[in-house]
Amino acid sequence: MSPRQLFKIILGFGSLVSLVTGEEWAFPEDFKFGVATSAYQIEGGWDADGKGVSVWDRLTHETPGIIADGSNGDIACDSYHKWERDVEMVKETGVDYYRFSLSWTRIFPQGFVNYVNPYGVAYYNNLIDKLLENGIEPVITLFHWDSPQTFSALGTLSNTAFINLFAQYARKAYELFGDRVKIWITFNEPKVVCQDFHWFLGNVTAVYPAGVIEYLCTHNLLKAHAEAYHIYNREFKATQKGKVSITLNFEWSEPASDSPEDIAAAEQRRQFEFGLYANPIINFDYPQIVKDRVAQRSALEGFPESRLPQFTLDEKLRIKGTYDYLGLNHYSTWYVRASEEEEIGRPSYAADTGTYRYQNPDWEGSGAEWNKVVPWGLRNILKWIKDTYRNVDVLITECGYPDTTGDVDDEPRVEFFRLYLNATLQAIHEDGVNVKAFMAWSLMDNFEWQQGYQIKFGIFSVDFSDEERTRTPKKSVEYIRNVVETRLIN
Ligand code: GBH
């Protein structure tokens, strides 16, 4: 520890430090650090011990060419067998939280809750207990994209039946694990589920009504989230005393110029990408600009009513307030400018947003084309969330840096965390944003969806050519551990 660090620690934390040392701050005492993963990306054991088939099992097995390297999550990091090592790794990183997701079909093979697979329950019980033994708090995501294949015949989230199926699943999860799990996330990144890649949901080959099914999915997802929230509040909160919310992804939209048109375009894009979900939950109903634009384009397209369904007043009230914090996944930033109104033709969400976005080629890149290193984008997001949603508590549930090498000497990732953690500190201390946690994506290299194993986000590397799936810490583990210990960025 440097004398300067020691000096700051002795002085105390938070604002006192910033008063004395100028622009260098400490993480507040109640600020939590974590690392994150998701079930399909790490577990493997795709059909082990009675697990049912998820849409990702089906997609990877039966759609040649869909995954860049032709791989799948059949074995992945083999966390179904190596979970004790995973806990050790979290412990080694020194963080407070381990965020992981439940594989719905590992617990309920057919998706329906009438049959519970005891092996699936035992797996998560063991993991949770081991984490707690080691002083690590579990943070559970209920739905991180691997929905039961059985629901595909129903159209999964585009069918209103999903609302109740999800609510029943959530209730069982609280019953099974809620005595020990205090932070719940209903859905991971609804925008990715409904707007970007809704074929995740099982509609791979179906010709779907573009521009329509996206909003049906959004509508049902918001209702399913709200039901899961209310069930917790009504039936579990008094005894279990935990928190429930949702995690939304947000890539910052910065106006491309000072022109009023570009400023409006950037805000419009934020409302389409983030407000679509955050506004009904935190404020009230879908954002006005989204309702107006989809209604206008729908009318011109000849639809008798807007492709964006309307909530009844009761529904708006039932969705409003269904959050105990806000989960945020953040990776990168874009410039946005106003674009010519797209001609009326094939309905589409992209045309509905009515904007054009691009990244500055001079921004520092990473192993993924879209993932540019732009730390001020995170700060702007946090400030915007504070202003738009009445200073809600924000948990950053994912933030991370991809490369293609997997080198354990991952200095660029260390630098990424240094910059993004610093942006978080600025948001807390200079902008007064209530950011309460930062969880790094990801604990280890894993199955990066369509990119397969080519893109690596881990702070631990995993040897995928080795049957043991040996994990090795990268430099970023040491870096994060140091930040957690000192509460300072260095
Ligand atoms: C998260 O999604 C996921 O929650 C996590 O499972 C995943 O492993 C992690 O990020 C890393 O990717 O190619 O220009 O169209 C992040 C949301 C949405 C970000 C799609 C990249 C593609 C941009 N992603 N987006 S582009």
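# A walk through the predicted model

Select T105 to begin: beyond four places in sequence, T105 touches K51, G52, V53, S54 and P148. This is a predicted model. T105 sits in helix α6, which spans residues 104-107. Its relative accessible area is 0%, so T105 counts as buried, the cut-off being under 20%. Now add H81 to the selection. H81 and T105 are 24 residues apart in sequence, and their C-alpha atoms are 17 Å apart.

**Next residue: R106**

Step along to R106, also placed in helix α6. What lies 2.9 Å from a polar atom of the R106 side chain? Draw the distance to the backbone oxygen of G44. R106 is buried, with a relative accessible area of 1%. Now show its contacts, leaving out residues up to four places away in sequence. They are E43, G44, G45, A48, K51, Y80, N117, G120, Y123 and Y124. K51 is in the R106 set, and K51 also touches T105.

**Zoom out: the whole chain**

Switch to cartoon view. The chain has 17 helices and 13 strands. Its radius of gyration is 22 Å, close to the 23 Å from the globule rule for 490 residues, so the chain is as compact as a globular protein of that length. Along the principal axes, the C-alpha atoms fill a box of roughly 70 × 60 × 50 Å.

Colour by burial next. Of the 490 residues, 60% are buried. Now consider contacts with a sequence separation of 6 or more. Residues 24 or more positions apart account for 78% of these.

Turn on the surface. About 18800 Å² is exposed, and carbon and sulfur atoms supply 51% of it. Then colour by charge. There are 48 positive and 69 negative charges, and their mean positions are 5 Å apart.

**Helix α5 and the loop before it**

Select D78. It lies in the loop between α4 (55-62) and α5 (79-93). Check the backbone: phi is positive, about 55°, although D78 is not a glycine. Is D78 buried or exposed? Buried, with a relative accessible area of 11%.

Move into helix α5 and pick V90. V90 counts as buried, at 0% relative accessibility. Which residues does V90 contact, leaving aside neighbours within four places in sequence? The set is V35, V95, Y97, Y98, I136 and L443. Now measure from V90 to Y123, C-alpha to C-alpha. The pair is 17 Å apart in space and 33 residues apart in sequence. Y123 was already on screen as a contact of R106.

**A second positive phi**

Jump to D285, in the loop between α11 (260-282) and α12 (288-301). Phi of D285 is near 70°, again positive in a residue other than glycine. At 6% relative accessibility, D285 counts as buried.

**A cis peptide**

Select W441 and S442 together. A cis peptide bond joins them, with omega about 10°. S442 lies in the loop between β11 (435-441) and β12 (460-462).

**Helix α16: R413**

Go to R413, in helix α16 (residues 411-429). R413 is buried, with a relative accessible area of 0%. Follow its side chain outward. It reaches the backbone oxygen of G458 at 3.5 Å.

Widen the selection to its contacts, again skipping residues up to four places away in sequence. R413 touches Y401, P402 and D403. K456, F457, G458 and I459 are in the set too. K474 and S476 complete the list.

**Last stop: V477**

Keep G458 shown and add V477. Their C-alpha atoms are separated by 9.5 Å, with their positions 19 residues apart along the chain. V477 sits in helix α17 (residues 475-486). At 1% relative accessibility, V477 counts as buried.

Which residues does V477 touch, not counting those up to four places away in sequence? E92, T93, I459 and F460. I459 is also a contact of R413. E92 and T93 fall within the range of α5 (79-93), the helix that holds V90.

Methods. Residues numbered from 1 in each chain as written. Predicted model: local features only at pLDDT ≥ 70, side-chain atom pairs only at ≥ 80, totals over all residues. Heavy atoms only, no water. Helix = DSSP H or I, 4+ residues; strand = E, 2+ residues; numbered from the N terminus. Buried < 20%, exposed > 50% of the residue type's maximum accessible area, 1.4 Å probe, protein only. Polar contact = N/O pair within 3.5 Å; in protein donor to acceptor, adjacent residues only side chain to side chain. Contact = heavy atoms within 4.5 Å. Rg over C-alpha atoms; globule rule 2.2 N^0.38 Å. Areas by Shrake-Rupley, 256 points an atom, 1.4 Å probe, with all protein chains shown as cover. Lys, Arg positive; Asp, Glu negative; His and termini not counted. Charge placed at Lys NZ, Arg CZ, Asp CG, Glu CD.
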